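Here is a set of short exercises to work through with the model open in your viewer. Try each task by yourself, then follow the solution step by step.

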Amino acid sequence: VRFRATQAGELSKLLSVSSRITRAESYSVNNDKMDVGFRFNGANGSTVTGVGFELYQNQPNPFVNKTFVGFHLPAAAQATLTVYDETGRMLFTQQGDFAKGYNQIAIDAGTVIPQGTGMLYYKVATATDAATRKMIQTK
């Protein structure tokens, strides 16, 4: 695979592997299924992406009525999605058991943010991992 940079930046922040569109998998010479990941060697040591827990940007963003939060789990696990407003007040939480690989949760603006619009934060947490991102709800 050959890549051409279109902007300056750290490769580990610009390039990643996920199963969001197609399954990210590879096979050994013995036909054993393996995970796919990138290892970046930089000034601050080694960074590995694409194999572990990942939280993706919600789609669409900004959103009006409904948005989807996608995430990748390295193994089946219980996970909790929590949505907060700008002040840190919890607006919505949903917990469930999710499969290994790509998962997504739908968020209905009428349920989560019954009054108002603006910047929100969402967090997906498991027993071993957690990540937070921003999203924008508009009218």
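**Exercise 1. Which side chain has a polar atom 2.9 Å from the backbone oxygen of V64?**

Solution. Keep in mind that you are looking at a predicted model.
- Step 1: Select the backbone oxygen of V64 and look for polar side-chain atoms around it; the side chain of Q137 has one at 2.9 Å.
- Step 2: Place the partner in the fold: Q137 belongs to strand β11.
- Step 3: Ask how open Q137 is. Its relative accessibility is 6%, and since buried means under 20%, Q137 counts as buried.

**Exercise 2. Get an overview of the chain: count the elements and put them in order.**

Solution.
- Step 1: Count the elements: the protein has two helices and eleven strands.
- Step 2: Read them from the N terminus, which gives α-β-β-β-β-β-β-β-β-β-α-β-β.
- Step 3: Check burial across the protein: of its 139 residues, 27% are buried.
- Step 4: Look at how far contacts reach along the sequence. Taking contacts between residues at least 6 apart, 51% join residues at least 24 apart.

**Exercise 3. Find the cis peptide bonds in the loop between β5 and β6.**

Solution.
- Step 1: Go to P60, which sits in the loop between β5 (54-55) and β6. The bond leading from Q59 to P60 is cis, and its omega is near -10°.
- Step 2: Move on to P62, also placed in the loop between β5 and β6. Here N61 and P62 are joined by a cis peptide bond with omega about 0°.

**Exercise 4. Work out how β6 is held among its neighbours, and whether β6 is enclosed or open.**

Solution.
- Step 1: Start with β5. The strands β5 and β6 pair antiparallel through two bridges, and L55 has F71 as its bridge partner in β6.
- Step 2: Turn to β9. Eight bridges pair β6 with β9, again in the antiparallel sense; one to look up is F68, whose bridge partner in β9 is A106.
- Step 3: Judge the burial. Six of the eight residues of β6 are buried, so β6 is largely enclosed by the rest of the structure.
- Step 4: A reminder for viewing side chains: in a regular strand they alternate between the two faces of the sheet.

**Exercise 5. Describe the open sheet that contains β7 and β10.**

Solution.
- Step 1: Trace the strand order. This open sheet has four strands, β8-β7-β10-β11, with antiparallel pairing.
- Step 2: Identify the edges: β8 and β11 (130-137) each pair on one side only, which makes them the edge strands.
- Step 3: Note the twist: neighbouring strands of this sheet are turned by 20° against each other on average, direction ignored.
- Step 4: Zoom in on β7 and β10, which run antiparallel and are joined by five bridges. For Y84, the bridge partner in β10 is Y121.

**Exercise 6. Map the largest nonpolar core and the surroundings of V83.**

Solution.
- Step 1: Find the core residues. The largest nonpolar core has 19 residues, and F71, L81, V83 and V124 have the most contacts inside it.
- Step 2: List the elements that give two or more residues to this core: β6 (66-73), β7 (77-84), β8 (90-98), β9 (101-108), α2 (109-112) and β10 (118-125).
- Step 3: Choose V83 and leave out residues up to four places away in sequence. Among the residues that V83 then touches are L91, F92, I107, V112, L120, Y122 and M135.

**Exercise 7. Classify the aromatic pairs.**

Solution.
- Step 1: Count them: there are two aromatic pairs.
- Step 2: Take Y56 and Y102. Their ring centres are 5.9 Å apart with 35° between the planes, a tilted pair. Y56 is in the loop between β5 and β6 and Y102 in strand β9, 46 residues apart, so the pair links distant parts of the chain.
- Step 3: Compare accessibility: Y56 is buried at 9%, whereas Y102 is partly exposed at 27%.
- Step 4: Take F71 and F98. This pair is edge-to-face, 5.1 Å centre to centre and 80° between the planes. It links F71 in strand β6 to F98 in strand β8, 27 residues apart.
- Step 5: Check burial once more: F71 is buried with a relative accessible area of 0%, and F98 counts as buried at 14%.

Key
Residues are numbered from 1 along each chain as its sequence is written. This is a predicted model: local features need pLDDT of at least 70, side-chain atom pairs count only at pLDDT 80 or more; totals for chains, interfaces and linings use all residues. Side-chain values use heavy atoms; hydrogens and water are left out. A nonpolar core is a set of buried Ala, Val, Leu, Ile, Met, Phe, Trp, Tyr and Cys residues joined through side-chain atoms within 4.5 Å. Buried means under 20% relative accessible area, exposed over 50%, partly exposed in between (1.4 Å probe, protein chains only). Contact means heavy atoms within 4.5 Å. Two strands pair if DSSP finds at least two bridges between them. Axes are lines fitted to C-alpha atoms, for helices over the stretch in contact, and angles run from 0 to 180 degrees between N-to-C directions. A polar contact is a pair of N or O atoms within 3.5 Å; within protein, one must be able to donate a hydrogen and the other to accept it, and residues adjacent in sequence count only if both atoms are side-chain atoms. Rings of Phe, Tyr and Trp (its six-membered ring) pair if their centres lie within 6.5 Å; planes under 30 degrees apart count as stacked, over 60 as edge-to-face and the rest as tilted.
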